[in-house]
Amino acid sequence: MVHGATDRLIDPWGARTPYGPGDTWPARVDECYADGIEPTQAQRWVQTASLLHSNGDAMDIAVADGQIVGVRGRAEDRVNRGRLDIKDLFAWQANNATDRLTQPLLRRDGELVPVNWDTAMAAVVGRSRQLLDSDGPGAIAFYTTGQLFAEEYYTLATIARAGIGTNHLDGNTRLCTATAGEALKETFGSDGQPASYTDVDFADVIALFGHNVAETQPVLWMRILDRLAGPEPPRLLVVDPRRTAVAAKATVHLAPRPGTNLAVMNALLHEVIAHKWVDQSWVDEHTVGFDELQQRVADCTPEWAAEICDLDADDIRAAAALVGSAERLLATVLQGFYQSHQATAAAVQVNNLVLLRGMLGRPGCGVLQMNGQPTAENTRECGANGDLPGFRNWENTEHIAQLAKVWNVEPLQIPHYTPPTHAMQIFRYAEQGSVKFLWISGTNPAVSLPELSRIRSILAKVGLFVVVQDIFLSETAQLADVVLPAATWGENTGVFTNADRTVHLSEQAVEPPGAARSDLNIFLEYAAAMRLTDKDGEPLIKWTDPESAFEAWKQCSAGRPCDYSGLSYALLREHGGIQWPVTADAPVGTERLYSDGHFWAAPDVCESYGRDLATGASVEETEYRALNPNGKAILKAAEFVPLHEDVSDEYPMQLITGRTIFHFHTRTKTGRTPQLRAAAPDVWAELSPIDAARLEVSEGDLIDVESPRGAIRAAVRLTESRPGVVFVPFHYGYWDVARSGPEAGQPGRAANELTITDWDPVSKQPIFKTSVCRVSRVPGSEDVPGAADELLAAADETTAADQRYGAADEMSQR
């Protein structure tokens with residue numbers, strides 16, 4: 001039984017604690033415990049932070065009799081002041097799910113069968129060595145996640161780059177926040193969020209660009225809601241084609257046609273310049289590129305953008321006036337920009353807006369190019385996402401020499417002859433046959449990548465050896481040759497860094513089930529079995545546990561933008577969350593970057609020389625040095641171009657995929673949490689009332705949504721979104737339903753059956769938000785009460801679900 005949870009499932013953001021500008025956000029402690037457990041009954045409290053979003057909410061795990069029995073928020077932490085997202089309140093129950101992977105699996109005669117660790121690792125190592133001998137390091141690729149710890153990413157990056165010598169290493173952060181990193185590099189010379197969550201406490205205007213913060217970062221939305229409820233509330237600008245909970249609170253809401261974000265931004269910049277809302281002295285002193293930007297947007301009037309974006313020109317003017325009149329402007333960006341057409345170009349224009357207004361490096365001012373996963377920042381900074389560790393520049397030979405010294409290898413051992421291979425290209429190489437070994441850790445591409453029929457065929461391809469390291473037998477793991485059972489949050493130790501650079505320590509609270517091992521231990525065992533060595537013949541990996549791995553990462557990060565050298569496990573235990581860089585000069589962290597107007601953009605230190613925002617072509621070092629010899633912030637202009645795939649008579653609607661507050665990624669944990677599963681049990685499709693009337697469908701009817709690539713079946717939800725747009729959450733796959741999907745001739749369930757294989761030219765992030773589609777009513781569904789329930793209904797499935805989730809049913813929130 002569940003007691004006291006209904007209020008948070010109905011009102012996910014909880015009670016308001018209003019406060020005014022410059023005040024400290026009041027504490028409010030959220031907590032949840034197993035049925036019959038009181039806080040005083042916890043035998044231990046173990047420090048951690050959230051794993052099911054990017055906000056980094058600090059919490060403590062309650063442990064009794066070797067089991068996790070609850071969580072509570074940490075009132076003193078800077079990020080959340082005690083509050084927890086509903087996923088954090090409930091999803092710890094999934095640690096105890098009875099279908100956890102507890103021993104390795106090896107494919108024999110077409111079936112995955114249990115084996116011991118020695119047998120499984122021998123198969124992985126044997127295939128690795130065989131391919132290194134026959135094909136070289138380019139045959140081996142690694143595809144990781146945004147949910148491991150920094151210590152694990154750094155170990156993986158060291159293995160891949162310095163040990164194997166492969167250029168093929170990326171994370172699923174390519175799907176959610178690659179554009180964040182690229183946009184920051186294009187403007188500031190390096191990754192790293194300039195602003196801080198505490199800027200919400202001071203801002204008088206908050207502009208959210210493609211950022212549904214209410215569902216992707218609920219605790220940050222609680223902070224904004226509390227400002228809105230207090231004296232002198234900030235005004236909100238929201239750019240989102242959907243009428244979200246955030247848009248409902250907006251002073252100005254722009255709902256542009258999907259794929260036209262850059263046109264919106266260019267019109268806003270046009271207005272800011274035309275009305276002389278530019279802090280010209282600040283721009284002249286701290287930036288380059290103003291003249292080109294001014295020229296590029298000179299003709300981008302509100303009327304011009306209104307025609308492209310299907311907006312009212314007066315609304316665009318109102319939005320520009322809002323940001324142009326702000327005294328303290330905070331801008332945030334997320335998937336609505338990152339996963340759309342001209343993603344990096346549009347995100348860079350948000351940076352330009354902040355720079356033109358001179359709103360950087362002081363309370364209430366700045367930009368947060370947000371992350372979508374809890375440790376996406378670590379994936380990027382540790383070099384597991386297609387960049388080099390420490391935000392180093394792969395084209396800078398001195399940066400390669402620095403890494404070679406840290407790892408004690410020859411510089412030529414570190415691949416830097418071409419850009420690191422991005423995820424979409426890794427899968428293309430696997431499809432073509434040059435990549436023959438793919439190690440996937442902590443992610444589920446058989447549900448999360450675009451055009452799933454293609455991805456399934458790649459993963460099942462004869463000649464591709466697939467290793468999957470995960471906590472459940474996901475849709476991807478079912479296609480693997482070897483499955484390695486991993487520990488998860490609460491069962492291992494490490495640090496993770498949130499979207500505003502706050503580092504938290506997450507300590508092991510309980511043992512992993514069965515023979516499951518931490519991701520760090522799996523990587524360490526692989527490195528040892530492969531006998532990876534440095535140039536002196538000594539073991540390449542010289543650390544043996546999380547803390548020694550962290551010390552090695554600190555050494556690698558020293559002197560770079562993401563400098564951890566002043567941090568330690570002891571300091572994090574004592575202080576809680578701390579924002580990097582942490583150095584001798586900043587021993588308790590750095591709240592905001594660039595307060596002194598100095599950037600990591602000088603040619604010798606920058607992470608990137610930049611790219612052409614239209615083509616993605618790299619800017620040459622000599623060209624960059626001529627443009628920006630003194631390392632100023634760069635105002636980089638971009639021209640709007642039409643969408644690659646646009647509507648037609650055959651496919652007259654546009655598809656947007658996205659998230660719901662109740663689930664995270666492909667539901668491997670939240671789908672095994674009774675309260676969250678019940679709140680959002682199956683996929684749905686949101687339509688505007690205008691489209692529903694045209695299609696003659698009503699709330700709850702079943703519809704088929706088809707694109708040139710596939711089809712799904714979903715229940716209708718009517719929302720006040722713009723006509724011509726269909727929204728489908730991307731979380732749902734096939735592991736928990738009786739029907740097995742398109743491969744078995746059944747209606748699809750996963751939104752990515754529909755999406756296109758296309759990506760941004762700069763960030764290489766897939767475009768999930770502009771696919772074309774058509775919608776049709778499933779005949780007869782409107783005549784059957786609860787017709788949508790057929791998507792979950794099957795007696796055997798229900799019985800299996802009861803068995804899987806029953807162990808977690810006796811939980812309650814207090």
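Q: Let's start with Cys-32: is this residue buried or exposed?
A: Happy to begin there. In this predicted model, Cys-32 has 0% relative accessibility, so Cys-32 counts as buried. The cut-off behind that label is simple: buried means under 20% relative accessible area.

Q: And what about Cys-300, buried or exposed?
A: Cys-300 counts as buried because its relative accessibility is 7%.

Q: How many disulfides does the structure hold?
A: The structure holds zero disulfides. Cys-300 makes a good worked case: the nearest cysteine sulfur belongs to Cys-309 and is 10 Å away. A disulfide needs two cysteine sulfur atoms within 2.5 Å, and Cys-300 is in no disulfide.

Q: Now sheets, please. In what order do the strands of the seven-stranded sheet come?
A: The order is 6-5-17-16-15-7-8, in an open sheet with mixed pairing. Strand 6 (111-114) and strand 8 (169-171) are at the edges; each has a single partner strand, so one side of each is left without a neighbour in the sheet. On average, neighbouring strands here are turned by 20° against each other, direction ignored.

Q: Which strand pairs with strand 7, and in what sense?
A: One partner is strand 15 (residues 437-441), which pairs with strand 7 (residues 140-144) in the parallel sense over four bridges. To find your place in that pair, look at Phe-142, which stands opposite Trp-439 in strand 15.

Q: What does helix 4 touch on this sheet?
A: Helix 4 (residues 150-164) packs on the sheet and touches strand 7, strand 8 and strand 15. The direction of helix 4 makes about 165° with that of strand 7.

Q: How should I describe two helices that pack together?
A: The general idea is that two packed helices are described by the angle between their axes and the distance between the axes. Take helix 6 (residues 178-188) and helix 16 (residues 343-356) as the case: their axes come within 9 Å and cross at roughly 50°. Helix 6 and helix 16 are therefore oblique to each other. As for handedness, helix 6 passes helix 16 in a right-handed crossing.

Q: Which residues meet where helix 6 and helix 16 come together?
A: From helix 6, the contacting residues are Thr-179, Glu-182, Ala-183, Leu-184, Glu-186, Thr-187 and Phe-188. They meet Ala-343, Thr-344, Ala-347, Val-348, Asn-351 and Leu-355 of helix 16.

Q: What is the order of strands in the three-stranded sheet?
A: That open sheet has the order 18-19-20, with antiparallel pairing. Strand 18 and strand 20 (578-579) each have a single partner strand and stand at the edges, so one side of each is left without a neighbour in the sheet.

Q: How many bridges join strand 18 to strand 19?
A: Four bridges join strand 18 to strand 19 (residues 502-506), and the two run antiparallel. Strand 18 and strand 19 form a hairpin with four residues between them. Within the pair, Thr-497 has Val-503 in strand 19 as its bridge partner. Going on to strand 20, two bridges join it to strand 19, again antiparallel, and Val-503 has Ile-578 as its bridge partner there.

Q: Are the faces of strand 18 covered or open, and which residues tell us?
A: Both faces of strand 18 (residues 494-497) are covered. Gly-494 and Phe-496 are buried on one side, and Val-495 and Thr-497 are buried on the other.

Q: What should I look for in the backbone angles?
A: Most residues other than glycine have a negative phi, and most peptide bonds are trans. Here, Arg-501 in the hairpin turn has a positive phi of about 75°. Asp-310 has a positive phi near 60° and lies in the loop between helix 13 (302-309) and helix 14 (313-324). Glu-696 has a positive phi near 60° too, and its place is in the loop between helix 27 (689-695) and strand 24 (702-706). With 62% relative accessibility, Glu-696 counts as exposed.

Q: Where is there a cis peptide bond?
A: One joins Trp-580 and Pro-581, with omega about 0°. Pro-581 lies in the loop between strand 20 and helix 25 (621-627).

Q: Where is Pro-39 found, and what does it touch?
A: Pro-39 is found in the loop between strand 1 (31-34) and strand 2 (44-49). Not counting residues up to four places away in sequence, Pro-39 touches Glu-31, Tyr-33 and Trp-45. At 25% relative accessibility, Pro-39 counts as partly exposed.

Technical notes
Residues numbered from 1 in each chain as written. Predicted model: local features only at pLDDT ≥ 70, side-chain atom pairs only at ≥ 80, totals over all residues. Heavy atoms only, no water. Pairing = 2+ DSSP bridges. Axes fitted to C-alpha atoms, helices over the stretch in contact; angles between N-to-C directions. Contact = heavy atoms within 4.5 Å. Buried < 20%, exposed > 50% of the residue type's maximum accessible area, 1.4 Å probe, protein only. Parallel < 35°, antiparallel > 145°, perpendicular 65-115°, else oblique. Left-handed = near helix turned anticlockwise from the far one by under 90°.
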